[in-house]
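User: I have a model open and would like to talk through its packing. Could we start with one residue's surroundings?

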Amino acid sequence: RSPPGLQRVDAGPGDTNWLTGRTYSKRFFEILKSRRKLPCWQKRQEAVDMVQKHQSSVLIGETGSGKTTQVPQFLLAEFGSGKIAVTQPRRVAAMSVASRVAQEMDVELGQEVGYLIRFEDMTSESTRLKYMTDGMLLRECQTDPLMSQYSVIILDEAHERTLSTDILFGLLKEVLQRRPELRCLVMSATLEAEKFQEYWSGAPLLRIPGRMFPVETFFTLRPEKDYLAAAVETCCLINVHEGPGDILCFLCGEEEIEKACAEIEGRAEETGKNTLVLPLYSSLPMNQQRRVFPPAPEGARKIIVATNIAETSLTIDGVVFVVDPGLFKQMLYNPRTHVESLLVSPISKASAMQRAGRAGRTRPGKCFRLYTLETFEKELPESTYPEIIRSNLSAVVISLKKLGVDDIVHFDFMEPPSPEAMMRALEMLHFLGAIDDEGDLTDVGSRMADFPVDPHLSRTIIAASERACLTEVLAIIAMLSVPPPFSRPRYAQKAADRAHKHFASGYGDHLSLLNAFQAYVSSGSKTQFCQENFLSERNMKQAENVRKQLASIARKAKLEDASGEMLTHSIRRAFIEGFFMQCAHLDESGKHYLTVRDQQMVAIHPSSFLQHKPEWVLYHETVVTDRCYMRNATTIPPEMLIEASPKFYHPERCKLHEHARKILRRALPRVKS
Ligand code: ADP
Ligand code: MG
């Protein structure tokens with residue numbers, strides 16, 4: 001017996017799985033019981049009716065009401081054939097939700113339900129429901145601009161206004177005109193509904209009524225000097241003085257979350273309270289991420305310390321107390337200085353409300369804000385700025401060009417980026433040779449767009465293939481794209497430094513990263529190798545995985561590779577091709593570096609392998625902490641710069657600082673033309 005349409009999502013004893021024809025497991029029925037109680041279930045008929053009748057619609061419902069996990073299942077059951085894409089701004093959310101939905105539908109993850117994120121494809125021929133990052137859907141549009149494999153596209157968490165979602169908006173609007181049968185659903189917890197309805201030319205709106213219990217909110221009387229210590233302290237106080245219920249504490253990143261967890265755990269042990277302290281952040285392995293969901297054992301309390309992934313993307317049942325320091329990490333790009341950095345920034349009022357709301361899902365709760373009422377009222381912005389307004393647009397521009405959007409200035413952006421940022425992006429792509437004087441994508445640019453990495457890196461990859469060092473450069477880029485692999489535990493700093501020295505290259509960090517990667521790959525026992533050499537095995541594995549993915553793209557794109565002589569020379573030369581704008585030279589005092597683009601004063605990061613201060617260095621990125629540092633720096637002979645980019649570096653033709661020209665002039669006789 002297989003019921004038709006929407007009825008397929010519900011099932012009773014004796015029914016078989018409508019997707020696989022197999023008998024449902026016991027667990028299926030257990031989960032189904034709790035699914036039936038979700039607010040979205042009450043509105044399932046209305047939701048599918050709306051999507052069937054209208055090409056684009058908007059659905060708003062409280063976090064945890066079942067939007068992400070349930071609505072796609074309803075639509076799949078109703079539409080019967082075709083594939084459904086559900087986009088998520090975050091990789092973790094895509095993975096975690098797909099794994100949950102596979103359980104709910106009683107299928108194996110990667111079969112009927114799967115996920116696709118950068119560097120990991122967990123889908124197959126039989127996949128019907130595909131959770132994916134918005135960035136990956138965008139990439140698919142490059143080869144399939146009409147999104148022809150899908151019958152429904154769901155843009156979830158639209159309030160986050162990520163760059164990719166914003167671009168998908170514009171593209172989808174055009175695709176919908178050309179494919180009248182395609183459906184698009186925009187979902188979110190908090191959304192300025194009118195703005196979206198207006199952009200989607202009057203799309204209908206369905207609101208899922210939420211069940212929210214009151215949340216009592218507390219502010220601190222004075223600003224906190226150390227939010228991390230204050231957060232730990234607050235969690236411990238709640239643990240001791242408040243009644244039952246789990247605690248959710250928001251912090252900014254892996255390192256501080258791990259630190260907080262260790263401290264909270266230590267103090268909970270002293271009090272003898274039965275406490276389960278769990279971290280949650282994006283680079284945490286999947287099986288550890290899953291640990292936050294099951295209820296705490298009888299009589300115990302869960303304390304979850306999470307990034308803002310727990311704000312709207314993932315819902316953890318049982319939370320009654322929220323600790324909110326009012327901060328999150330945000331990628332900020334300054335078009336004037338070209339510095340893109342992950343900075344701890346204040347959250348918006350809308351985020352603060354969302355965070356507090358996490359405490360009132362199952363019963364009345366409490367939210368402890370670690371900032372003053374005055375800060376909340378006067379300093380927090382109303383809502384977070386769309387990413388498109390604050391990001392490095394060059395990657396966007398190149399993918400739009402590859403998608404066939406020629407007139408980028410008139411693209412239907414919901415919020416157009418500033419003309420200044422747009423000009424900067426076009427200028428940089430022009431410097432890199434990705435677009436020509438007319439603004440059209442060049443052959444190099446088109447090949448660059450194949451790689452899901454920053455244009456500086458993709459340019460380097462293309463150059464590496466021309467210089468017979470592709471294998472090595474892909475390994476370096478893989479290492480650059482994962483969190484720093486060199487670990488330096490406090491109890492063994494000296495031993496770690498000694499071990500890391502084996503990888504050191506006199507040329508600097510890029511080649512040291514390569515040494516570490518190659519040694520790792522060729523070692524017998526990788527776990528043992530990582531332990532002995534103080535490398536993070538997780539990050540090394542991830543780098544290995546990234547390298548494999550990049551290599552497979554390179555193979556598909558038919559990039560040449562042959563290992564040549566003079567490897568260190570070729571590798572650095574390839575990096576200059578992509579990063580010649582990210583170089584810096586010593587100033588007259590010989591103490592500081594100045595960047596070539598903005599004459600900004602920078603220093604080599606203390607973690608660098610460089611033992612001396614070379615006259616010229618190329619750097620991967622700048623990070624701003626107490627001062628501005630270049631992370632991953634490599635020494636570059638000045639003549640190599642002149643050879644690679646005479647327009648930028650020829651001492652008589654360039655516009656560089658006088659001292660820079662002096663060094664370059666000395667190098668002139670060594671230039672091979
Ligand atoms: P929304 O997208 O509206 O925020 P979700 O569809 O993500 O809501 O979640 C609906 C409910 O499903 C949650 O309230 C939670 O009870 C349950 N849920 C979601 N993911 C998991 C999981 N990984 N493990 C257990 N329960 C989950
Ligand atoms: Mg959701």
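User: Which residues is Val473 in contact with, leaving aside neighbours within four places in sequence?

Analyst: Val473 is in contact (C-beta atoms, placed from the backbone, within 7 Å) with Thr460, Ile461, Ala464, Ile571 and Ala574. Do bear in mind that this is a predicted model, in which local features need pLDDT of at least 70 and side-chain atom pairs pLDDT 80 or more, while totals for chains, interfaces and linings use all residues. Residues are numbered from 1 along each chain as written, and chains are lettered from A and ligands numbered from 1 in written order.

User: How many residues are in the largest nonpolar core?

Analyst: That core, a set of buried Ala, Val, Leu, Ile, Met, Phe, Trp, Tyr and Cys residues joined through C-beta atoms within 7 Å, has 182 residues; buried requires 20 or more other C-beta atoms within 10 Å. Val473 is among those with the most contacts inside it, along with Cys235, Cys249, Ile304, Ile477 and Val617.

User: And which helix gives the largest share of this core?

Analyst: Helix H19, a DSSP run (H or I, at least four residues; strands are E, at least two), spans residues 470-480 and contributes 9 residues.

User: Switching to the sheet, what is the strand order?

Analyst: The sheet is open, its 6 strands running E9-E16-E13-E10-E12-E11 with parallel pairing (at least two DSSP bridges), and the edge strands are E9 (215-218) and E11 (275-280). Inside it, E13 (319-324) and E16 (365-369) pair over 4 bridges, with Val323 standing opposite Phe368 in E16.

User: What does H9 touch there?

Analyst: H9 (227-241) packs on the sheet, touching E10, E11, E12, E13 and E16.

Key:
A residue is buried if 20 or more other C-beta atoms lie within 10 Å of its own, exposed if 12 or fewer, and partly exposed in between; C-beta atoms are placed from the backbone. Two residues are in contact if their C-beta atoms, placed from the backbone, lie within 7 Å. Axes are lines fitted to C-alpha atoms, for helices over the stretch in contact, and angles run from 0 to 180 degrees between N-to-C directions.
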